[in-house]
Amino acid sequence: MKRAQDNPELAETLRRRRFLGVAAGATAAGLLGTGTATAAQTGTTTAASAQNGRGGPLVPRGHLGIQLYTLRDQVQSIGFAGVFEELARYGYDQVEFAGYTQGTGDITLKQLKRLMRDNGLRGIGSHVGYYSDDPKAYTFATNLTQVLDDAEALGLPHVGTASGPWRYGSTVDGWKRCAEEFNTYGAAAKARGLKFYQHNHAEEFSFATDRPDVRLYDVLLAETDPELVHLEMDIYWAYVAQYRFGRKADGSPAPFEPLNYVLRAPHRYPLFHVKDGEHDETVPDGYRMVDVGDGDIDYRRFLSAVGKTHGGRRDHHWMVEHDQPADSLTTARRSARYLRSLRCGGRG
């Protein structure tokens, strides 16, 4: 792994940390000189502030990750080892898999696990296909036991799918059937100590073809067991959906706020995809995807609100993603730097 002096950005980060450490020590010494009671009161206040997250990072240490699909070109060119080394330099804590080889050829799960450990990274989850007509395909429907075996071997606490519940169409009953299958996968995952999750795109927030007054995402939430089926909200696609599906087929308003879904049931959302977009009504989605921090999605508001829920700073994990980055390593670095800069109770 490269040394700090070989990386000016990392060296500057370490310099600032040393400076802040010295400043904190000087402040503490000054307080001690004012009397024991004052120092004790200050210590209590500081401890309470830290516990409540005031002034601390909006994304807690240990909770910043990246979906490796973002870096698929780099995984193929420099391998998992090179990518993991870069991610560690940028301050990431976690990775979410999108396949366990990503075009690199043969690599074992044992090797992947060792590479993560060597770079101080944790595997937090994995995207696996939902179903396939091929009985040998690597999906939940066709090879559930193997999918769970592999997640266990890597030490992943979560394993899920980025496939929508479209297997039986876009009717209410079709989504109920999918929900039953998701409950089955969730129960099997829970028996292994894992959490099964589904990752949304925009279309999950569209309306049922047989019930144009019913939002399909609401069917998924209502028909899945909250103890068995969890959600990974892709925040960007949820706001695209807000733009695209804010009206019913008859044109009547049907507004919704993605954040409210999380606040109503925060325990169901252990994972989030953090991607950003510039609002642009000249394109069908209403947004153009950009690096995190360059767009119009209010991540300070979103992260702050989730962080204030019960267990909000402990139970949620934030995965950077960009579907088509111009330079994937630059996207990873800039997005991490922006998210690390956001502080509780400040402008960041």
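**Salt bridges, sheet and core in a predicted model**

Biologist: Which side chains meet in a salt bridge at 3.0 Å, N to O?
Modeller: This is a predicted model. The contact joins an aspartate and an arginine at 3.0 Å, N to O. The pair links distant parts of the chain, 43 residues apart: the loop between strand 9 (287-290) and helix 10, and helix 12. The side chains are those of D291 and R334.

Biologist: Is D291 buried or exposed?
Modeller: The cut-off for buried is under 20% relative accessible area. D291 has 12% relative accessibility, so D291 counts as buried.

Biologist: And R334, what is its relative accessible area?
Modeller: R334 sits in helix 12. R334 is partly exposed, with a relative accessible area of 27%.

Biologist: What does helix 12 touch on the sheet?
Modeller: The sheet is open, with 8 strands in the order 3-2-1-10-7-6-5-4 and parallel pairing. Helix 12 (residues 328-341) packs on this sheet, and its direction makes about 150 degrees with that of strand 1. Helix 12 touches strand 1, strand 7 (271-274) and strand 10.

Biologist: Which strands stand at the edges?
Modeller: Take the order 3-2-1-10-7-6-5-4 and look at its ends. Each edge strand has a single partner strand, so one side of each is left without a neighbour in the sheet. The edges are strand 3 (122-126) and strand 4 (158-161).

Biologist: Which residue stands opposite I66?
Modeller: Strand 1 (residues 64-67) pairs with strand 10 (residues 317-320) in the parallel sense, over 3 bridges. The partner of I66 lies in strand 10 and is V320.

Biologist: How far apart in sequence are K275 and E321?
Modeller: Their side chains meet in a salt bridge at 2.9 Å, N to O. K275 is buried at a relative accessible area of 1%, and E321 is buried at 5%. K275 is in the loop between strand 7 and strand 8 (276-279), E321 in the loop between strand 10 and helix 12; the separation is 46 residues.

Biologist: Which residues are linked with K275 and E321 in a network of salt bridges?
Modeller: A search of the whole structure finds 17 salt bridges. The network holding K275 and E321 also links D234 and D323.

Biologist: What does E257 tie together with R301?
Modeller: Their side chains meet in a salt bridge at 3.7 Å, N to O. E257 lies in the loop between helix 8 and helix 9 (258-264) and R301 in helix 10 (residues 299-307), so the pair ties together parts 44 residues apart in sequence.

Biologist: Which helix gives the largest share of the largest nonpolar core?
Modeller: The core has 84 residues, and F302 is among those that touch the most other members. The largest share, 7 residues, comes from helix 8 (residues 235-244).

Definitions and conventions: Residues numbered from 1 in each chain as written. Predicted model: local features only at pLDDT ≥ 70, side-chain atom pairs only at ≥ 80, totals over all residues. Heavy atoms only, no water. Pairing = 2+ DSSP bridges. Helix = DSSP H or I, 4+ residues; strand = E, 2+ residues; numbered from the N terminus. Contact = heavy atoms within 4.5 Å. Axes fitted to C-alpha atoms, helices over the stretch in contact; angles between N-to-C directions. Core = buried A, V, L, I, M, F, W, Y, C linked by side-chain atoms within 4.5 Å. Buried < 20%, exposed > 50% of the residue type's maximum accessible area, 1.4 Å probe, protein only. Salt bridge = Lys/Arg side-chain N within 4 Å of Asp/Glu carboxyl O.
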